[in-house]
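Visitor: I should like to go through this model and ask, term by term, on what grounds each label is given. Could the structure be shown before we begin?

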Amino acid sequence: MSSEVVVNFAVEGPTDEAVARRLIQHAGGIPGKSYITHGKANLKARIRGYNNAANYFPWLVLVDLNAEYACAPSLIQEWVGSPSPLLCLRVAVRAIEAWLLADAQNIANFLGVPLGSIPVFPEQEADPKQRIIHLARQSRKRDIREGLIPNPSAGQRVGALYTSFLIAFIEHSWDIQQAALRAPSLQRAIDCLKRLVHQCAPA
């Protein structure tokens, strides 16, 4: 059964880890060992090791495109060139938050904002993380405003509870299938993982 396939994974941070777990489960696999590298530069520095490991075991590496690259293929080519057979290196355009915004109804409910305020094309947002912060400022929910909006005097880019709130959304409310309809890079990640799980499933 495909559910017997364990997929190890490496990501930039805790929010990405929660997304990776849900994606692997959605594709029919079992999340294996998790490696949080605490930043894109660290993830890039370790990609050769993950790629080598993917000669033997299934691996997912999830990274944000951000503004450093024009497109996902450019990042993939620079990072690994020719990926190992069992490596699924996927790029969130332009950040993992775009995949969350793509589930418009649920993220609107979660943030306490009108559905019409959610961007129709989240992957075209230059900074999806800041878009979520902007939406939080409009929230009718006090806990969202206090948890997600940063305190500039404290040098924060996001609120103190930003990560924990988004992880809760990912684990309990995020509809991956709905989100994939408005986030092509998410759909590609799903397709890649499903192929990987199918490929590694016991006969």
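Guide: A residue is called buried when its relative accessible area is under 20%, exposed when that area is over 50%, and partly exposed in between. The model itself is a predicted one.

Visitor: Why is Glu17 called buried?

Guide: Glu17 has a relative accessibility of 18%. The limit for a buried residue is under 20%, so Glu17 counts as buried.

Visitor: What makes Arg21 partly exposed?

Guide: The value for Arg21 is 32% relative accessibility. Partly exposed covers the range between the limits of 20% and 50%, and Arg21 therefore counts as partly exposed.

Visitor: How do you know that Arg21 forms a salt bridge with Glu17?

Guide: The closest N and O atoms of Arg21 and Glu17 are 3.4 Å apart. A salt bridge requires a side-chain nitrogen of Lys or Arg within 4 Å of a carboxyl oxygen of Asp or Glu, and Arg21 and Glu17 form one. Both residues lie in helix α1, four residues apart, which is about one turn of the helix.

Visitor: How many salt bridges does this rule give?

Guide: The count comes to six. Among them is the one between Glu68 and Lys40, with the closest N and O atoms 3.2 Å apart. Glu68 lies in the loop between β3 and α3 (72-79) and Lys40 in helix α2 (residues 40-53), so this pair ties together parts that are 28 residues apart in sequence.

Visitor: Are Glu68 and Lys40 buried or exposed?

Guide: Glu68 has 54% relative accessibility and therefore counts as exposed, since the limit is over 50%. Lys40, with a relative accessible area of 12%, is buried. The C-alpha atoms of Lys40 and Leu62 are separated by 9.9 Å, and these two residues are 22 residues apart along the chain.

Visitor: What makes the contact of Glu125 and Arg131 a salt bridge?

Guide: Their side chains meet at 3.0 Å, N to O, and the cut-off is 4 Å. Glu125 is buried at 16% relative accessible area, whereas Arg131, at 25% relative accessibility, counts as partly exposed.

Visitor: Why is strand β1 described as mostly covered?

Guide: Strand β1 comprises residues 6-11, and five of its six residues are buried.

Visitor: How do you know that β1 pairs with strand β2?

Guide: Two strands pair if at least two bridges are found between them. β1 and β2 (residues 30-36) have five bridges and pair in the parallel sense. Val11, for instance, has Ile36 in β2 as its bridge partner. The chain crosses from β1 through helix α1 (residues 14-26) to β2, and this β-α-β crossover is right-handed.

Visitor: On what grounds is β1 also said to pair with strand β3?

Guide: β1 and β3 (residues 59-64) are joined in the parallel sense over three bridges, against the required minimum of two. Phe9 stands opposite Leu60 in β3.

Visitor: What volume does the largest pocket have, and which residues are closest to its centre?

Guide: The volume of the largest pocket is about 360 Å³. It is lined by 20 residues, of which Glu12, Asp64, Glu97, Lys129 and Arg157 are the closest to the centre. The elements that give two or more residues to the lining are α1, α4 (96-101), α6 (128-137) and α8 (162-172). The largest share, three residues, comes from α1. By type, the lining divides into seven nonpolar, five polar and eight charged residues.

Visitor: What makes the backbone at His38 and Asn66 worth noting?

Guide: Most residues other than glycine have a negative phi, and most peptide bonds are trans. His38 is not a glycine, and its phi is positive, about 60°. His38 lies in the loop between β2 and α2 and counts as exposed at 62% relative accessibility. Asn66 likewise has a positive phi, near 55°. Asn66 is found in the loop between β3 and α3 and, with a relative accessible area of 25%, is partly exposed.

Visitor: Which omega value goes with the peptide bond from Val93 to Arg94?

Guide: Omega is near -20°, and the bond is cis. Arg94 is placed in the loop between β4 (87-92) and α4.

Key. Residues are numbered from 1 along each chain as its sequence is written. This is a predicted model: local features need pLDDT of at least 70, side-chain atom pairs count only at pLDDT 80 or more; totals for chains, interfaces and linings use all residues. Side-chain values use heavy atoms; hydrogens and water are left out. Buried means under 20% relative accessible area, exposed over 50%, partly exposed in between (1.4 Å probe, protein chains only). A crossover is right-handed if, with the strands pointing away from the viewer, the path from the first strand over the helix to the second runs clockwise. On a 1 Å grid over the protein atoms alone, a cavity is a set of points where a 1.4 Å probe fits but cannot get out, and a pocket is an open set with protein on both sides within 12 Å along at least five of seven lines; lining residues have an atom within 4 Å of a point. Grid points are joined across faces, edges and corners, and a volume is the space filled by probe spheres set on the points. Ala, Val, Leu, Ile, Met, Phe, Trp, Tyr, Cys and Pro count as nonpolar, Asp, Glu, Lys and Arg as charged, and the others, Gly among them, as polar.
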